Every structure is written in structure tokens, then in C-alpha cells.
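Welcome to a short set of exercises on reading a protein structure. Have a look at the sequence and the model, then work through the tasks one step at a time.

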Amino acid sequence: MMPTTMHINGKIFQSGSAPNARLLDVLRNECDLKGTKEGCGEGECGACAVLVNGKLVNSCLVPLGQMEQAEITTVEGLPEDSALAQAFVQCGATQCGICTPGMMLAATALLAEHATPTLEEMRWGLSGNLCRCTGYGRIYAAIARAAGGAADV
């Protein structure tokens, strides 16, 4: 079995896991990147969301064999001092922490596509991510603030 070579958060990583291993498990267990969470294990909650070649994916559904030479970004690969990270804190968009990594990556993908997203675009962009703590209002406010808009969406 040939190792799978990936670029994770800007670093080259080789995994010797089976091609049908979930990307989520490789990230958490081999790479020790614990920010990516397992919520449902079925691709419904978004807690395991990462960026693969700039696209948002649920890592619990992605087999390792599809990741050869992929560019993967996890929450640990996002700048800690970014406008988005600061806005999440300022707006109280982080609570229990289970959904936060996936929400941050979904918001990153959203802001890459829409520099100043509307509320409807935010709703659509985060529709694959479930949160039980904030009611989404604070998360939308954080995205609006990070985009340079008002935090009162």
C-alpha cells in the first residue's frame, strides 16, 4: 500500500492508512489535529468540515484515497488573529466549541466567495453546519463583522 501524500495546513504529510480510512480519523489520530470534530459521522452536522483544495467538505465522508496531493486546511491552519477569529470572539459566536471549527471553515469558504455576504448568503453558506448553542444569530453577526459590516444582522 502506497502512502497518501497531502499538504495539511501548509505542511507535507504522508499517511500510511488504508485508502478507505476517513480523512477525519487521519487528521485527528495521525496528524493530532483535534480541532476537527466528529459530530454525527454521517455528513449532516458539519462539525468535521475542512477545506480541501479550497472547497468545504465533511471530512467524515471523505476517503483518504481521494486526498493524494490535496491541499487541506483545518481550523488549526486558520490565522488566530484573523478578522473572522476576532469577530467570533467579539460577537460571542463560540460557545460549547463542537461546531466552531466547522463554522469557522464554512465562514472562510463563504467569505472567499462573497466578500460581503447577505444574510441569505450566510444562511445558505452555513446550511450544512448545525449549532445548538448560539441560534446562529451570533455566528451571522460575526461573519458580517469580519466582512466589515455591522454586527447586527
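**Exercise 1. Describe the surroundings of S15.**

Step 1: Find the residue. S15 lies in strand β2; strands (E, at least two residues) and helices (H or I, at least four residues) are DSSP runs numbered from the N terminus. This is a predicted model, in which local features need pLDDT of at least 70 and side-chain atom pairs count only at pLDDT 80 or more, while totals for chains, interfaces and linings use all residues. Residues are numbered from 1 along each chain as its sequence is written, and side-chain values use heavy atoms, with hydrogens and water left out.

Step 2: Is S15 buried or exposed? Its relative accessibility is 0%, so S15 counts as buried (buried means under 20% relative accessible area, exposed over 50%, partly exposed in between, with a 1.4 Å probe and protein chains only).

Step 3: Look for polar partners. The side chain of S15 makes a polar contact with the side chain of E30 at 3.0 Å (a pair of N or O atoms within 3.5 Å; within protein, one must be able to donate a hydrogen and the other to accept it, and residues adjacent in sequence count only if both atoms are side-chain atoms). A polar atom of the S15 side chain also lies 3.1 Å from the backbone nitrogen of S17.

Step 4: List the other contacts (heavy atoms within 4.5 Å). Beyond its neighbours within four places in sequence, S15 touches P3, T4, M6, V26, E30 and L64.

**Exercise 2. Work out how the sheet is arranged.**

Step 1: Write down the strand order. The open sheet has five strands in the order β2-β1-β5-β3-β4, with mixed pairing (two strands pair if DSSP finds at least two bridges between them).

Step 2: Find the edges. β2 (11-15) and β4 (55-58) each have a single partner strand, so one side of each is left without a neighbour in the sheet.

Step 3: Check one pair. β1 (residues 4-8) and β5 (residues 71-73) run parallel over two bridges, and I8 stands opposite I72 in β5.

**Exercise 3. Decide how enclosed helix α5 is.**

Step 1: Count the buried residues. In α5 (residues 137-146), seven of the ten residues are buried, so the helix is largely enclosed by the rest of the structure.

Step 2: Name them. They are I139, Y140, A141, A142, I143, A144 and A146.

Step 3: Find what they pack against. The buried residues of α5 pack against α2 (83-90), α3 and α4 (119-125).
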